[in-house]
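User: I'd like a close look at one part of this protein: the sheet with parallel strands, and whatever packs or bridges around it. Could you walk me through it in one go?

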Amino acid sequence: MNTHLTCSIVDDEPLAVSLLESYVNRTPFLELRGKYCSVITAMNELLSDPVDLLLLDIQMPGVSGLDTARR
């Protein structure tokens, strides 16, 4: 049984990305696969390399994180 969860971070705030990355790196069962400041870039990458967990900002310029999660 796989005890690791793959994850990616999507947030338009670099400081938030850095903080989340720090938390992920200190969580033994999480494996960070990507960090994105753009939802469009993230979605294009995640289509070909999906993850188990997406740490997604809810409010980003021009796009809702909730709408993105529904996709």
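Analyst: Let's start with a pairing in the middle of things: strand β1, residues 5-10, runs parallel to β2 and pairs with it over six bridges. Keep in mind that this is a predicted model. Two places to find that pairing by eye are Ser8, which stands opposite Gly34 in β2, and Val10, which stands opposite Tyr36 in β2.

Now bring in helix α1, residues 14-25, which packs on the sheet and touches β1, β2 and β3. The direction of α1 makes about 165° with that of β2.

Zoom out to the sheet itself. It is open and has three strands in the order β2-β1-β3, with parallel pairing. The edges are β2 (30-36) and β3, each of which pairs on one side only. From one strand to the next, the twist averages 20°. As background, strands of a sheet pair through backbone hydrogen bonds, either parallel or antiparallel.

How enclosed is β1? Five of its six residues are buried, so the rest of the structure largely encloses this strand. For scale, buried residues make up 25% of the 71 residues in the protein.

Over on the β3 edge, have a look at Leu55, which sits in that strand (residues 53-56). Leu55 is partly exposed because its relative accessible area is 23%, and the cut-off for buried is under 20%. What does Leu55 touch, leaving aside residues up to four places away in sequence? The list is Ser8, Ile9, Val10, Leu20 and Val24. You've met Ser8 and Val10 already, as the residues opposite Gly34 and Tyr36. Leu55 also brings together parts of the chain that are well separated in sequence: its C-alpha atom is 7.2 Å from that of Cys7, although the two residues are 48 apart along the chain. That suits the wider contact pattern: among contacts between residues at least 6 apart in sequence, 67% join residues at least 24 apart.

Next, the charged pairs. The whole structure has three salt bridges. One of them joins the side chains of Glu21 and Lys35, with N to O at 3.1 Å. This pair ties helix α1, home of Glu21, to strand β2, home of Lys35, across 14 residues of chain. Both partners count as partly exposed: Glu21 because its relative accessibility is 22%, and Lys35 because its own is 44%.

Arg33 is the other residue to click on, since it has two partners. With Glu31, the closest N and O atoms are 3.3 Å apart. With Asp49, the closest N and O atoms are 3.2 Å apart. The Asp49 pair links distant parts of the chain: Arg33 is in β2, while Asp49 is in the loop between α2 (39-48) and β3, 16 residues away. Through these shared partners, Glu31, Arg33 and Asp49 form one network. What about their exposure? Arg33 is partly exposed at 39% relative accessibility, Glu31 is partly exposed at 36%, and Asp49 is partly exposed at 37%.

That loop leads back to α2, which is worth a look too. Ser38 caps the N-terminal end of α2, with a side-chain oxygen 3.3 Å from the backbone nitrogen of Ile40. Which residues of α2 are buried? They are Val39, Ala42 and Leu46. Looking down the axis of α2, these buried residues fall within an arc of 60°, so they line one face of the helix. The general rule here is that an α-helix has 3.6 residues a turn, so residues three or four places apart point the same way. The face turned away from the buried side carries exposed residues, namely Ile40, Asn44, Leu47 and Ser48.

To place this part in the whole chain: the protein has three helices and five strands, and from the N terminus on, the elements run β-α-β-α-β-β-β-α.

Note on methods. Residues are numbered from 1 along each chain as its sequence is written. This is a predicted model: local features need pLDDT of at least 70, side-chain atom pairs count only at pLDDT 80 or more; totals for chains, interfaces and linings use all residues. Side-chain values use heavy atoms; hydrogens and water are left out. Helices (H or I, at least four residues) and strands (E, at least two) are DSSP runs, numbered from the N terminus. Buried means under 20% relative accessible area, exposed over 50%, partly exposed in between (1.4 Å probe, protein chains only). Contact means heavy atoms within 4.5 Å. Two strands pair if DSSP finds at least two bridges between them. Axes are lines fitted to C-alpha atoms, for helices over the stretch in contact, and angles run from 0 to 180 degrees between N-to-C directions. A salt bridge is a side-chain nitrogen of Lys or Arg within 4 Å of a carboxyl oxygen of Asp or Glu. The arc is that of the directions from the helix axis to the C-beta atoms. A polar contact is a pair of N or O atoms within 3.5 Å; within protein, one must be able to donate a hydrogen and the other to accept it, and residues adjacent in sequence count only if both atoms are side-chain atoms.
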